[in-house]
Amino acid sequence: MTKQEKQQLSESDICDLFITPAVKNAGWDQLTQIRREVTLAPGPVIVRGNLSSRNKKKKKFADYVLLREAGVPIAVVEAKDNNHTVSHGMQQALGYAALLDVPSAFSSNGDAFASHNKVPAPGEGIERQIPLDAFPSPEELWKRYRQHRNITDSEEALVLEPYHLDAYGKEPRYYQSEAINRTLEAIARGRRRLLLVMATGTGKTYTVFQIIWRLWKAGKAKRTLFLVDRNSLADQTFTNDFKPFGSVMTKIKNRKIDPAYEIYLGLYQALTGPAEEDKIFKSVSRDFFDLIVIDECHRGSSSEDSAWREILDYFSSAIQIGLTATPKETKYVSNITYFGEPVYTYKLKQGIEDGFLAPYKVVRYHLDKDLIGWTPEPGMTDDLGRDIEHRKYNQADMDRILVLNQRTKLVARCVMELLNATDPFSKTIIFCEDIDHAERMRVAITNAAGRLAIDNPKYVMRITGDSAEGKAEIDNFIDPESKFPVIATTSELLTTGVDAKTCKLIVLDKTIQSMTTFKQIVGRGTRIEEDYGKFFFTVMDFKNATEHFKDPDFDGDPVVIYEPDPGDDPVPPDPAPDPDDDAWEEDKPEYGSRKIHVSGVEVSILAKTVEYRGDDGQMITESYCDYSRKHIRKEYASLDDFINKWNNAKKKEAIVQELEEYGIELSKLAEEVGREYGDFDLICHIAYGAPPLTRKERADNVRKRDYFTKYGDKARAVLEALLDKYADEGVLTIESPRILKLTPFNQMGTPVEIINDVFGGKANYETAIQELEQQLFDQQRTA
């Protein structure tokens, strides 16, 4: 094949004819070790207003990922067509190699390979070019990988223990594989305490299932205890991610540990308690469990929730893995001090940037009595006739000390206004100060919802620790297939662990001091569920809690600040419950009786702001039009640049697709600007401020010029019909090859007859379309 012929080949052709054969000839198995066209990350979701789309420009897509075994990537290869140099794709390959933490990256245009080796031998360059027939073997690249990850001969067997293969093709995402592999590598080296930090919604339970499966199959963990703090978590795990364990798995109940099983799911509350006879974990020997996994281990931070520490102390010989989205690091408590530095961390910010987690927009409400404050008249009494202390009350007092009934009603109205303007059946969680507040909010939402609440009494429900009826609805609330309940009012019960995949609205009418609690609450909305139209979520904030988004620690690295003095226990002590800790009111339903209830005091909104998460992770104020303008101008510096590109494009669809890569969907812009405008005018108007013409106006301008007189009657009829189609539907419709099959064209002849008999061939027909588009978009003629 000549160089000229090779340059006519597509990138896919280069892969099929040159790169894949070269890799196979080096000893790689095409079925088990070579993965083609691997989407590592789908790209972030852009949300502005009520519109969302993916930024495909930031999609992470590897042409080849080479595996030692399933789930163990060891190299990446980036392909380019032959019009590029051999090493043109190396920077891209290195980005993917860093993501997977593999030492070997390659680029090829079909002539040779450019090789990058992070662990070069003495005297060997990091980067070099090698012939197609000299691609490294699996053994050679595995040797590099072992050196890069410090894997010894004795550790290799566990590191390569196979993953569980799902019958439906589910496999770990890149960061899950990395978390799993890092954990097994650490255990193979002899580490006994491990911490995994993964943002809510990133699949911690599935990740730990694969860890347990591989350790179980390798004989490293014959008996495993998975500890959770909510019954719903145990049930979700049993029926979903852990289902493949089948008959060897049990859920600990009736306060008895049955030794006939190998995988145990247990609640802290079922295993221990304040009295010695409650500590049923002591009914088995200290070496009964080989592996213990603690879900949401940050909740071991207060004295009531520290049961897992007692259990771990008893089974001290077991491998112990802590799972959390928010490692607890305070002056008193440190998970890192107990478990050690995380073996792997995957943050919320990374999850959003990769496109695995939903971005958020924030709607802040500033209420007059919260910000300005409210001072009762001298001698004023509350609704029960009790004297009200004469002082200024402000946001910190609302619904903790002072209850203004009109304020509760205003919050409820704001929630329902947003839901009615978007989707009144969007799953919503309203976080309240305490159980009393959650009940009053349920009543206020019921009244604000009107017919929605009348038609279904479960439209809104209070789901708190003291409500058996509410807790019974948790499964229905989190089930995407279950319509009701739609709105849950709560205090603490839904802050963590509840897998509410389709939650689209989180309402904060709660004072939140703890960054850990804030992260957990935000985590209720971070899951993306494309099948149910869930790509982003909204946070409505009435208590200024979203100021935590601006804190560098919101997505920062956990820092241990516990510093024991000489002779102190290296494990930090559990503090007494702190009144500033957000969890303290949940168990005090009687707290509401001490509040001051006042009716008749009007509350109003002083200001309302809407913010979005920007490209850099900071909160910004920006509309979908603003976002589109910024990115269109990145692609086309001026209006002239854009018009030249548009006029020179054989098919306008290429430009539309180019903008879609940025997450700019012109159909969504049309919803904001006007559906009567075509793609060309939407772009010119939004990005450059040019006055727009409607599609009908552009079509009429062409008709006025008698442009069609140069064509015969039949050709003129076809072009006039195409002009009508443009006016109705847009330029992409008239470019579509299927257009000639539709009415009225199907009455003029078959597509072949129209193209060949009327226009004299495909080339002439395409030229006629292009000339029609030139007439439509000629700025001088339309000016």
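Which strands does helix 8 (residues 231-239) lie across? Helix 8 lies across strand 10 (224-228), strand 11 and strand 12 (263-267), and runs at about 160° to strand 11. The structure discussed here is a predicted model. This briefing covers its parallel sheet, the strand 10 region, a buried arginine, the nonpolar cores and one pair of helices.

**The parallel sheet**

- Seven strands form an open sheet in the order 11-12-10-13-14-9-15, and their pairing is parallel.
- Strand 11 (249-251) and strand 15 (344-346) are the edge strands, each of which pairs on one side only.
- From one strand to the next, the twist averages 15°.
- Five bridges connect strand 9 (residues 193-198) with strand 14 (residues 319-324) in the parallel sense.
- Within strand 14, isoleucine 321 is the residue that stands opposite leucine 194.
- Helix 6 (residues 174-188) packs on the sheet and touches strand 9, strand 14 and strand 15. The direction of helix 6 makes about 170° with that of strand 9.
- As a general point, strands of a sheet pair through backbone hydrogen bonds, either parallel or antiparallel.

**Strand 10 and its partners**

- Strand 10 is largely enclosed by the rest of the structure, because five of its five residues are buried.
- In a regular strand, side chains alternate between the two faces of the sheet.
- On one side of strand 10, Thr224, Phe226 and Val228 are buried, and on the other side Leu225 and Leu227 are buried, so that both faces are covered.
- Strand 10 runs parallel to strand 12, and five bridges join the two. Leucine 227 has glycine 266 of strand 12 as its bridge partner.
- Strand 10 also pairs with strand 13 (residues 291-294) in the parallel sense, over four bridges. Here phenylalanine 226 has valine 293 of strand 13 as its bridge partner.

**A buried arginine**

- Arginine 149 belongs to helix 4 (residues 138-149).
- Why does arginine 149 count as buried? Its relative accessibility is 1%, and a residue is called buried when this value is under 20%.
- Not counting neighbours within four places in sequence, arginine 149 is in contact with Leu100, Asp101, Glu178, Asn181, Arg182, Glu185 and Arg189.

**Nonpolar cores**

- In soluble globular proteins, nonpolar side chains tend to be buried together.
- The largest nonpolar core holds 87 residues, of which Phe135, Phe242 and Phe245 touch the most other members.
- Helix 7 (residues 204-217) gives the most to this core, contributing eight residues.
- Phenylalanine 245 touches Phe209, Ile212, Trp213, Trp216 and Ile263, when residues up to four places away in sequence are left out.
- Another core, of 55 residues, lies apart from the largest one and includes Ile655, Ile683, Ile739 and Leu776.

**Helix 20 and helix 24**

- Helix 20 (residues 624-635) packs against helix 24 (residues 679-688) at an angle of about 95°, and their axes are 8 Å apart.
- The two helices are therefore roughly perpendicular to each other, a description used for angles of 65 to 115 degrees.
- Helix 20 makes the contact through Cys625, Ser628, Arg629, Ile632 and Arg633, while helix 24 does so through Ile683, Ile686, Ala687 and Tyr688.
- These contact residues comprise six nonpolar, one polar and two charged.
- Ile683, which takes part in this contact, is also one of the members of the core of 55 residues.

Notes
Residues are numbered from 1 along each chain as its sequence is written. This is a predicted model: local features need pLDDT of at least 70, side-chain atom pairs count only at pLDDT 80 or more; totals for chains, interfaces and linings use all residues. Side-chain values use heavy atoms; hydrogens and water are left out. Axes are lines fitted to C-alpha atoms, for helices over the stretch in contact, and angles run from 0 to 180 degrees between N-to-C directions. Angles under 35 degrees count as roughly parallel, over 145 as roughly antiparallel, 65 to 115 as roughly perpendicular and the rest as oblique. Contact means heavy atoms within 4.5 Å. Ala, Val, Leu, Ile, Met, Phe, Trp, Tyr, Cys and Pro count as nonpolar, Asp, Glu, Lys and Arg as charged, and the others, Gly among them, as polar. A nonpolar core is a set of buried Ala, Val, Leu, Ile, Met, Phe, Trp, Tyr and Cys residues joined through side-chain atoms within 4.5 Å. Buried means under 20% relative accessible area, exposed over 50%, partly exposed in between (1.4 Å probe, protein chains only). Two strands pair if DSSP finds at least two bridges between them.
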